[in-house]
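Trainee: Could you give me a close look at one part of this model? I'd like to start from a single strand and then work outwards.

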Amino acid sequence: MAVNAQRFLDDLHKLREFGASGVGNGVSRPAYSDADIAARRWLAGRFAEACLEPHFDPVGNLFGLAPGKSLLMGSHSDSQPEGGWLDGALGVVAALELARSGDRPISVVSFQDEEGRFGVTTGSAIWSGKLPLEHADDLIDHGGMRFSAARGRMRDLAQGFVDPNRFTGFLEMHIEQGPVLDTNKEKIGVVTDIVGIRDMVIEFSGQQNHAGTTPMHLRRDAFQALSAFNSLINDRFKNVVSPQTVWTIGHVDVHPSASSIVPGQVRFSMQWRDGDVDRLARMESIIRASAEEIGRAIGVEFRFGQMLGIEPVEMDPELRQSLEDGAQTVAPGTWRVMPSGALHDASNVAALMPVAMVFVPSINGISHDFAEDTSEADLVIGLQVLEAALASH
């Protein structure tokens, strides 16, 4: 193999132009947006130029298929609403460069909606069979659009689902999205396992009322319920969580969201992550019990949305060893093994085939932000590690 580092970097920068936004290398390319669909069309063209067969499945996952049995590589090309140029895109373009640089059959994939506009790694969850399509079609984004309507925007491109049996395994390259490699001035992280995640929407419904004339003791304030809920779970988690456990209320929709109205309804996302299945379950019990307790105390109704999630996943020993060998060859003494606290499509693909992942540093540990970045030298080192790993596997 002989990867072309400049071609690889040029394609990364070209992909960034689709949805370029904010400052620096910022990107806004949410799943099924105009920018996302345009980027996928461009990628399909690049796949064809590399003698890979472009194939869009019914939910917009884009494959570049090599003939016969092949190794699958890739990631995703959708972004957060305010994201960076490398999250997901790096893995897709690195896979493309490796596919067109040698004789080994390599197929490439850009999964759809990894960033969770409609759930959790939606495209790969459907392809892996973990999320039935009929259930996914009922998912609704924060703006009220159904998944069925969003994927309908790509109906003219859709073909059937790709048979996973044509692939021998899956490799995914990604930015770390955390500070470990950058802080320690290391070049490569070989992933040992990927954290598990739970994600659902919770809704409190109280009584909308006048903000000036409604006494405090008579209010059924939905936002006050959220505030009390947040404080309660933070306290109750203390004896359950580990230093690696994280939980986030990241999206809040207050209705009617007016200065002079007591909020009658609040709808918010509740997400928690950990590598231990039992701990995830205990946290769920605390969340549900706390919502019920707050509802009774404040006099609001509560409702839980559909629970979405992925179990913790260990990387395949053989593929992981190939990545470790590649890291030692290309970056001796400047790599480590490490868990992934972020979720990735590999978590779903692991239900179908052996998977492994490799990380490159994120400058200052920043991701899911316009400031996300990695030096071009480190991007190329990551590509070379994959190249060396393939040579040894």
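Trainee: Take strand S10 (residues 252-255): how many bridges join it to S12, and in which direction do the two run?

Mentor: Four bridges join S10 to S12, and the two strands run antiparallel. Before going further, some ground rules: this is a predicted model, where local features need pLDDT of at least 70, side-chain atom pairs count only at pLDDT 80 or more, and totals for chains, interfaces and linings use all residues. Residues are numbered from 1 along each chain as its sequence is written, and side-chain values use heavy atoms, with hydrogens and water left out.

Now for S12 itself, which spans residues 265-274. Strands here are DSSP E runs of at least two residues, helices are H or I runs of at least four, and both are numbered from the N terminus. Strands pair if DSSP finds at least two bridges between them. For S10, one example to click on is aspartate 253, whose bridge partner in S12 is arginine 267. Strand S9 (residues 246-248) is joined to S12 by three bridges, antiparallel as well; there, valine 246 has arginine 273 as its bridge partner. Then comes strand S7 (residues 196-205), with 10 bridges to S12 and again an antiparallel run. Look for valine 201 bridged to serine 269 in that pairing.

How covered is S12? Mostly: eight of its 10 residues are buried, where buried means under 20% relative accessible area, exposed means over 50% and partly exposed is in between (1.4 Å probe, protein chains only). If you're eyeballing side chains, keep in mind that in a regular strand they alternate between the two faces of the sheet.

For a helix with that kind of cover, go to H3 (residues 89-99): 11 of its 11 residues are buried, so the rest of the structure largely encloses it. The buried set in H3 includes Glu97, alongside residues such as Leu96 and Leu98.

Back to strands for a polar example. Threonine 192 sits in strand S6 (residues 188-194). Threonine 192 counts as buried because its relative accessibility is 16%. Its side chain makes a polar contact with the side chain of aspartate 193 at 2.6 Å. A polar contact is a pair of N or O atoms within 3.5 Å; within protein, one must be able to donate a hydrogen and the other to accept it, and residues adjacent in sequence count only if both atoms are side-chain atoms. Leaving aside neighbours within four places in sequence, threonine 192 is in contact (heavy atoms within 4.5 Å) with Glu314, Met315, Arg320, Val337, Met338 and Pro339.

Glutamate 314 also gives us a ruler to another acidic spot: aspartate 141 is 173 residues from glutamate 314 in sequence and 30 Å from it in space, C-alpha to C-alpha. Aspartate 141 lies in the loop between helix H5 (133-136) and helix H6 (147-151). At 8% relative accessibility, aspartate 141 is also counted as buried. What does the side chain of aspartate 141 reach at 2.8 Å? The backbone nitrogen of methionine 145. A polar atom of that same aspartate 141 side chain lies 2.9 Å from the backbone nitrogen of glycine 144. Setting aside neighbours within four places in sequence, aspartate 141 is in contact with Arg117 and Phe118.
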